[in-house]
There are 2 protein chains.
Amino acid sequence: MNVFKTPPRPASIKDIAVATGVSHSTVSRALQDSPLVNRETAEKIRRAAQHMGYRASAVARGLATSKTRTIGVVVTTIADPFVAEVVSGIEEAANDHGYSVFLANSNAEPEREIKVVHSFGERRVDGIVVTASRVGALYVPILSEMRVPIVLINNQHPGEFLHSVMIANVEASREAVNHLIKLGHRLIAYLGDRFGHQSDTERFAGYRQALEQADLPFLPELIAHGDGRPEGAERATQKLLALPEPPTAVFCYNDMSALGALKRIRAAGLRVPEDISLVGFDDLFVAEYTDPPLTTVRQPKRHMGRLAMETLLKLMAGSQSAEHIRVPGELIVRASTAPPPSERCR
Amino acid sequence: MNVFKTPPRPASIKDIAVATGVSHSTVSRALQDSPLVNRETAEKIRRAAQHMGYRASAVARGLATSKTRTIGVVVTTIADPFVAEVVSGIEEAANDHGYSVFLANSNAEPEREIKVVHSFGERRVDGIVVTASRVGALYVPILSEMRVPIVLINNQHPGEFLHSVMIANVEASREAVNHLIKLGHRLIAYLGDRFGHQSDTERFAGYRQALEQADLPFLPELIAHGDGRPEGAERATQKLLALPEPPTAVFCYNDMSALGALKRIRAAGLRVPEDISLVGFDDLFVAEYTDPPLTTVRQPKRHMGRLAMETLLKLMAGSQSAEHIRVPGELIVRASTAPPPSERCR
DNA sequence: CTGAAAGCGCTTACAG
DNA sequence: CTGAAAGCGCTTACAG
């Protein structure tokens, strides 16, 4: 068969109309299952549509209804495993409700992020979700300009944002540090992200609260700053290990940092958890496959993605209430934590 | 300021037209930087547009031009790190050329994959890229129906497809196995994916070729079947280790499998690479952070994504030639491979 | 139940 | 250089 015989453009309601001898209005109604159309006519129309391989143009419909049933999701980079899981949750929920999702990377560059949001504006998306944005407050003006709901996931910028879903950082990290304290650790380091990000600030706060509640002194030298990735964590760990009195446990901002810490600790000839305990945050897939498997705080990533999408759905349906969702983390105890050496030698 | 004062719909060229006292045709031309418009008028129009926060409707333009400047990418799941990296390459290249990308998960279910492709059809995407599809041949009819170019990345289905970019599996795995042979290994296992997938078949072929060229016997008992993920690989590894004469090296279908193998080998009280060498495929991010760091074949994931997008761009521009791109893998030797025990004791 | 008409916001021949 | 007109493929009051 010669493919060039097929028409150069997809079938439209007009084509179906002439094929079935009705007006295109009727075709449109029939295809929407409108009760206004005679049952048999509708049947005939639907059969014809099917037969002609008709696919309604979502772009024409979008123009007519000014609802595109698309959402935009902007991520720092989809290559980040945390982000990818969140997005899979968003996509799932979106698809369940007939929405298509536009994906765009910001590379954590604010200008690019703004540009991406603007491009979503041109696409006339019905809503936007942003994960781990570093832009934060910059959105407010864009938002009111675009008049489209935006929900942020783990917003990195301090300060309140209209709609967001966030992990309960303080509680979760308090629990993680408590776990170390109960094991007998006294010298617990915090290996953070760069300063100024909300989740770092909050996880750090949880760390301090746990120390306080246990009447343990806060030792500034045990605070190290990474960059949320293995490389930065390696350097930070290096410093911690070089301390006159190095920590017996390290609570890391995230699993990526823990990966770097683990590598560096091993390189120093120390063992985890015998010499030093390690706790991460996120519960990335790899946490289960490190040696030893990593104790960490699980973020329900996919669920958070779904939640964000469902929140967006509500907002797109007209809800006016500010949505501020906090989801609890879950401490997953694996094999990277144990009592400190001193404790074991007693 | 009261946000409800702002108009309920975005500004259109008509609004700009009345604001500047020209026709909307002229506005349209000016905004397209058409040389047909008087320089000063154009300037005035552009200023007004800027001032009114005008964002051209991509959906209206799409309807008018029947080019949406969108592409659809269908993935098994974006939560797969391999896929996520590929997609980041696609997105990058797409964005460079002013294309937006729709993302959809198929969950490796053929029906869902078809559904997703149809939904892309309704969105009137200009092109589609599919990663690691299990559907393969099913596309051909859909394709001719949709009349939109499709390029596949690492197509899992045997048989030729019109346009694809694939890793050079045979060559790469031959090289990987050669590396093991040169180290002195004689009993080299292949831990594959399920049968019938093109990349598994090809990697297996490379394995056999390497053995043949080295005049090593092919031992069927050294072939184990996983599922491309750690769990399946663990079971497969179990079997290999239980062999009367277990392998001294395992070449894995992918890094995920290697992760499972590594875990199981450790659980058996054996060391990598002292007792058994391990090679993966993909060079996922984690390969660098396992203990020991994993020797593996690097797939230039992001690059392959870019390549797919660039191929698509050509096709969308009207190219008729069949594109069949093979990109070479690169053996990355890390610390999970060493001479076999026998070799070391001599 | 059905159709003619208007409109969504653009682009682009066509005529001046 | 500029504008009026038609068209892209839908939806949806409005009138019958």
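This text walks through the domains of chain A and then the protein surfaces near the two DNA strands. The model is predicted.

Start with chain A. Its residues fall into three parts: domain 1 (3–56), domain 2 (68–167 + 301–328) and domain 3 (169–299 + 331–345). Domains 2 and 3 are each built from two segments of the chain. Between the C-alpha centres of domain 1 and domain 3 of chain A lie 63 Å.

Now turn to DNA strand C. Around this strand sit 27 residues. The nearest are A:Ser25, A:Asn38, B:Ser28, B:Ala60 and B:Ala64. Both chains supply elements that give two or more residues here. From chain A come helix H2 (24–31), helix H3 (39–51) and helix H4 (58–65). From chain B come helix H2 (24–31) and helix H4 (58–65). H4(B) gives the most, with five residues. The surface near strand C has 13 polar, 10 nonpolar and four charged residues.

Next comes DNA strand D. Around strand D there are 27 residues. A:Ser28, A:Ala60, A:Ala64, B:Ser25 and B:Asn38 come nearest. For this strand, the elements giving two or more residues are H2 and H4 of chain A, along with H2, helix H3 (39–51) and H4 of chain B. Here H4(A) provides the largest share, five residues. By class, the surface near strand D holds 10 nonpolar, 13 polar and four charged residues.

Set the two strands side by side. At strand C, the nearest residues include A:Ser25 and B:Ser28. At strand D, they include B:Ser25 and A:Ser28. H4(B) leads at strand C, and H4(A) leads at strand D.

Key:
Residues numbered from 1 in each chain as written. Chains lettered and ligands numbered in written order. Predicted model: local features only at pLDDT ≥ 70, side-chain atom pairs only at ≥ 80, totals over all residues. Near = placed C-beta within 6 Å. Helix = DSSP H or I, 4+ residues; strand = E, 2+ residues; numbered from the N terminus. Nonpolar A, V, L, I, M, F, W, Y, C, P; charged D, E, K, R; others polar. Domains from an automatic or database assignment.
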